[in-house]
Amino acid sequence: MDLNAQKEKFSEAYVRAVAATAGFGIGQPEIDDDSVDLTIYGRGRNGKNRSPRLDIQLKCTAKTETIDEKDFFSFKLKIKNYNDLIGEDFLTPRLLIVVRVPEEPIDWTTSTEEELLLRHCGYWISLRDHPATDNTCSVTLKIPREQIFSVNALKTLMTRIGNGDIP
């Protein structure tokens, strides 16, 4: 498997682990032509509405220079993905999740009898309110480092979606 495929599968495994731990299901479109790699869904009531859903675009990076500021890191997103994620006119909210990994795949995981450690972590960002751009190749995003895609973050996001508060 080439490195890009490894990154894709690792980031998918990261999101699946977080969703499973939080008690949510995962669906995957047969074809990713709309910048949706996975859909996270809840069953029953989350907030005032039932069965919240969240569409996810996944990216993975091993670039150590992406951590360039205390509160944010830069990530270059292809313009097609950017255009597919911006705007408020989606039935299901969309997030971009960028998973950071070490440079060497051998360093991505450690397993013992006590734990399975995945390095480093994923960060989420909503591009809902981002403007259209004249860029033709890519857009560099500033992703808040505080927005770690964790079990608690996912539960909060799904409750917000269930209450009609779209991230």
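Helices in these legends are DSSP runs of at least four residues (H or I), strands are runs of at least two (E), and both are numbered from the N terminus. Everything shown comes from a predicted model.

**Close-up A. Lys9 and Glu12 form a salt bridge within helix H1.** Welcome to the first view. The closest N and O atoms of Glu12 and Lys9 are 3.8 Å apart, which falls inside the 4 Å limit for a salt bridge. Because the two residues are three apart in helix H1, about one helical turn separates Glu12 from Lys9. Are the two partners buried or exposed? Glu12 counts as buried, at 10% relative accessibility, whereas Lys9 is partly exposed, with a relative accessible area of 43%.

**Close-up B. Phe10 and Trp108 make a tilted aromatic pair.** A pair of aromatic rings is described by the distance of the centres and the angle of the planes. The structure holds two aromatic pairs. In the one formed by Phe10 and Trp108, the centres are 5.2 Å apart and the planes meet at 55°. That angle lies between the 30 and 60 degree limits, so the pair counts as tilted. Which parts of the chain does the pair tie together? Phe10 sits in helix H1 (residues 3-22), while Trp108 belongs to the loop between strand E7 (94-100) and strand E8 (109-111), so the pair links parts that are 98 residues apart in sequence. Phe10 is buried at 11% relative accessibility, and Trp108 is buried too, with a relative accessible area of 4%.

**Close-up C. Leu154 is one of the best-connected members of the largest nonpolar core.** This core has 43 residues, and Val15, Ile40, Phe149 and Leu154 touch the most other members. Helix H1 gives the most to the core, contributing six residues. What does Leu154 contact once its neighbours within four places in sequence are left aside? The partners of Leu154 are Val18, Ala19, Ala22, Phe24, Ile40, Leu54 and Phe149.

**Close-up D. Asp34 and Arg94 are joined by a salt bridge.** Here the closest N and O atoms are 2.4 Å apart. Asp34 lies in the loop between E1 and E2 and Arg94 in strand E7, so their pairing ties together parts 60 residues apart in sequence. Asp34 is partly exposed, with a relative accessible area of 34%, but Arg94 is buried, with a value of 9%.

**Close-up E. Asp165 meets Arg160 in a salt bridge.** Side chains of opposite charge can pair when their charged atoms come close. For Asp165 and Arg160, the N to O distance is 3.0 Å. Asp165 is partly exposed, its relative accessible area being 39%, and Arg160 also counts as partly exposed, at 29%. Elsewhere, salt bridges that share partners join Lys9, Glu12 and Arg16 into one network. How many salt bridges are there by this rule? The count comes to five.

**Close-up F. Glu30 is an exposed loop residue.** To finish, a look at a loop. Glu30 is placed in the loop between strand E1 (25-27) and strand E2 (38-41). At 83% relative accessibility, Glu30 passes the 50% limit and therefore counts as exposed. Where does Asn135 lie relative to Glu30? Their C-alpha atoms are separated by 29 Å, and the two residues are 105 apart along the chain.

How values were computed
Residues are numbered from 1 along each chain as its sequence is written. This is a predicted model: local features need pLDDT of at least 70, side-chain atom pairs count only at pLDDT 80 or more; totals for chains, interfaces and linings use all residues. Side-chain values use heavy atoms; hydrogens and water are left out. Rings of Phe, Tyr and Trp (its six-membered ring) pair if their centres lie within 6.5 Å; planes under 30 degrees apart count as stacked, over 60 as edge-to-face and the rest as tilted. Buried means under 20% relative accessible area, exposed over 50%, partly exposed in between (1.4 Å probe, protein chains only). A nonpolar core is a set of buried Ala, Val, Leu, Ile, Met, Phe, Trp, Tyr and Cys residues joined through side-chain atoms within 4.5 Å. Contact means heavy atoms within 4.5 Å. A salt bridge is a side-chain nitrogen of Lys or Arg within 4 Å of a carboxyl oxygen of Asp or Glu.
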